[in-house]
Amino acid sequence: APVFASRLRRIKPSPSTSAADRANELRRQGRSIVNLVVGEPDFDTPAHIREAAAQAMNRGATRYTLMTGTPEVRKAIVAKLERENQLAYGLDEVIVTSGAKSAIYSLFAATLEAGDEVIIPAPYWVSYPDMVLACDGTPVTVACPEADGFKLTPAQLAAAITPRTRWLLINSPSNPTGAAYTADEYRALAAVLALHPHVQVMTDDIYEHIRFDDSRTVHLLEAAPELRARTLIVNGVSKTYAMTGWRIGWVAGPKAYIQALDKLLSQSTGSCCAVSQAAAAAAMDGDQGFVRDSVAVYRQRRDRTLAAINAIPGLSCRAPDGAFYLYVNCAGLIGRRAPDGRVLETDGDVVLYLLDSEGVAAVAGTAYGLSPYFRLSIATSQDVLDEGCRRMARAVAALA
Ligand code: PLP
């Protein structure tokens with residue numbers, strides 16, 4: 001049998017991908033499936049962005065670019081950070097990556113030694129712990145209960161820091177809970193970090209534009225500019241501009257880190273797709289109407305789906321501040337009995353029951369490090385969401 005490295009044996013395939021595969025397989029078998037798994041916008045990339053990509057391709061943007069990214073897209077990133085986040089970065093303080101996913105992985109690969117710890121507030125995006133493990137680090141997950149708004153408290157942060165702590169990872173608004181930190185909450189966390197200068201911060205801002213209240217997403221560095229020298233910003237165009245397939249993300253931070261990533265990526269992925277970089281620049285520099293319009297649609301879906309979920313006895317969901325997921329509390333279903341006699345003991349059992357009985361596909365909370373919950377994506381049409389809620393209500397009503 002083939003033999004693989006221990007770093008590969010330490011990690012598992014993405015649970016959301018596995019859940020999506022299972023739903024697709026059942027659909028192929030002819031089952032009627034309501035798929036609420038997918039974590040990508042259901043919109044097409046806006047026409048002006050596709051057009052800019054076509055023009056770039058026809059102009060000859062078909063070759064390797066600078067490893068850090070074309071000057072055009074780096075200028076667009078710097079302008080975006082200034083315009084939207086009030087943060088000043090130089091062109092040599094940003095690097096383009098093949099999606100935010102590769103940005104985060106590369107930062108860990110460039111900085112972690114065996115045993116270095118990364119503090120990951122839970123619930124977390126499924127990939128964080130496995131990325132840390134793949135880079136020989138130790139994920140230190142901290143459960144952030146619903147009662148605390150699914151957010152890390154200063155006391156929890158202080159308790160989690162050790163001399164081996166290398167990074168604190170912040171994802172606001174969060175996948176899967178949609179929770180977003182306020183400026184005051186950031187300042188309270190920064191006060192703890194002030195006592196531990198060896199701890200660096202990585203912010204994953206990929207959902208920053210998808211907000212349901214009228215507030216703008218505050219960046220950690222706006223609230224606590226003193227952290228700039230030890231903070232690395234990760235972001236990208238995937239979620240904001242419905243560009244998941246274009247694979248453009250980036251890192252902004254102190255030049256030494258950008259140079260380290262330049263070196264690592266120049267010996268691994270190489271430069272990013274030239275056409276996609278032109279598209280990403282057009283997305284950031286161009287008209288932002290799509291962002292406003294798509295967020296308005298996500299907001300309507302959130303409101304309506306949230307109300308439907310909260311009307312199902314045994315399920316409850318806290319209103320997310322942003323992103324496009326609902327993290328549904330299913331504690332009220334644990335211990336109940338399905339018509340076939342099976343007792344629902346975990347959120348994994350609940351998710352399997354919803355799939356088996358009514359064909360509703362979701363992802364169990366265990367994947368995100370906080371149970372008993374399951375995640376629904378609202379990046380799908382209202383009709384599909386309404387049908388999903390009807391089926392869930394029926395499935396729950398059939399429990400003894
Ligand atoms: N960060 C979070 C929290 C995500 O949910 C995702 C995608 O699901 C990503 C990063 C990856 O983004 P990209 O498509 O830019 O790699």
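This is a short walk through the domains, sheets, helix packing and a few backbone details of the model above.

Hi everyone, thanks for coming. Before we start, a word on ground rules. What we have is a predicted model, in which local features need pLDDT of at least 70 and side-chain atom pairs count only at pLDDT 80 or more, while totals for chains, interfaces and linings use all residues. Residues are numbered from 1 along each chain as its sequence is written.

Let's begin with the domains. The domain assignment splits the chain into domain 1, covering 6-44 + 290-397, and domain 2, covering 48-286; such bounds come from an automatic or database domain assignment. Between the C-alpha centres of domain 1 and domain 2 there are 26 Å. Where the two meet, 34 residues of domain 1 are in contact with 32 residues of domain 2, contact here being C-beta atoms, placed from the backbone, that lie within 7 Å. On the domain 1 side, the elements giving two or more residues are helix H2 (15-28), helix H12 (289-310) and S10. Helices (H or I, at least four residues) and strands (E, at least two) are DSSP runs, numbered from the N terminus. H12 gives the largest share of that side, with seven residues. By class, the domain 1 side has 16 nonpolar, eight polar and 10 charged residues. For those classes, Ala, Val, Leu, Ile, Met, Phe, Trp, Tyr, Cys and Pro count as nonpolar, Asp, Glu, Lys and Arg as charged, and the others, Gly among them, as polar.

S10 brings us to the sheets. In one open sheet, four strands follow the order S9-S10-S13-S12, with antiparallel pairing; two strands pair if DSSP finds at least two bridges between them. Strand S9 (316-317) and strand S12 (363-364) are at the edges with a single partner strand each, so one side of each has no neighbour in the sheet. Inside that order, strand S10 (residues 325-329) runs antiparallel to strand S13 (residues 373-377), and five bridges join them. If you want a spot to click on, Leu326 stands opposite Leu376 in S13.

The other open sheet has seven strands, in the order S2-S8-S7-S6-S5-S3-S4, and its pairing is mixed. Its edge strands are strand S2 (94-97) and strand S4 (138-143), each pairing on one side only. From one strand to the next, the twist averages 20°. At the S2 end, S2 pairs with strand S8 (residues 249-252) in the antiparallel sense over four bridges, and Thr97 has Gly249 in S8 as its bridge partner.

Now, which helix lies across S2 and S8? That is H4, running at about 115° to S2. On angles generally: axes are lines fitted to C-alpha atoms, for helices over the stretch in contact, and angles run from 0 to 180 degrees between N-to-C directions.

H4 also has a helix partner. Helix H4 (residues 71-85) packs against helix H11 (residues 274-285) at an angle of about 30°, and their axes are 8 Å apart. The two are therefore roughly parallel. For that wording, angles under 35 degrees count as roughly parallel, over 145 as roughly antiparallel, 65 to 115 as roughly perpendicular and the rest as oblique. The crossing of H4 with H11 is left-handed, meaning that the near helix is turned anticlockwise from the far one by less than a right angle, with clockwise being right-handed. Among the residues making this contact are Ala76 and Ile77 of H4 and Ala280 and Met284 of H11. In total, the H4 contact with H11 has seven nonpolar, one polar and three charged residues.

H11 packs with H3 too. The axes of helix H3 (residues 47-59) and H11 come within 8 Å and cross at roughly 140°, which makes H3 oblique to H11. H3 passes H11 in a right-handed crossing. The contact includes Ala52, Ala53 and Ala56 of H3 together with Ala278, Ala279 and Ala282 of H11. Its residues divide into 10 nonpolar, one polar and no charged.

Finally, some backbone details. The Ser172 to Pro173 peptide bond is cis, with omega near -10°, and Asn175 and Pro176 are also joined by a cis peptide bond, with omega about 20°. Pro173 sits in the loop between strand S5 (165-171) and helix H8 (183-193), and Pro176 is in the loop between S5 and H8 as well. Phe150, though not a glycine, has a positive phi of about 60°; Phe150 lies in the loop between S4 and helix H7 (154-160).

That's my tour, and I'm happy to take questions!
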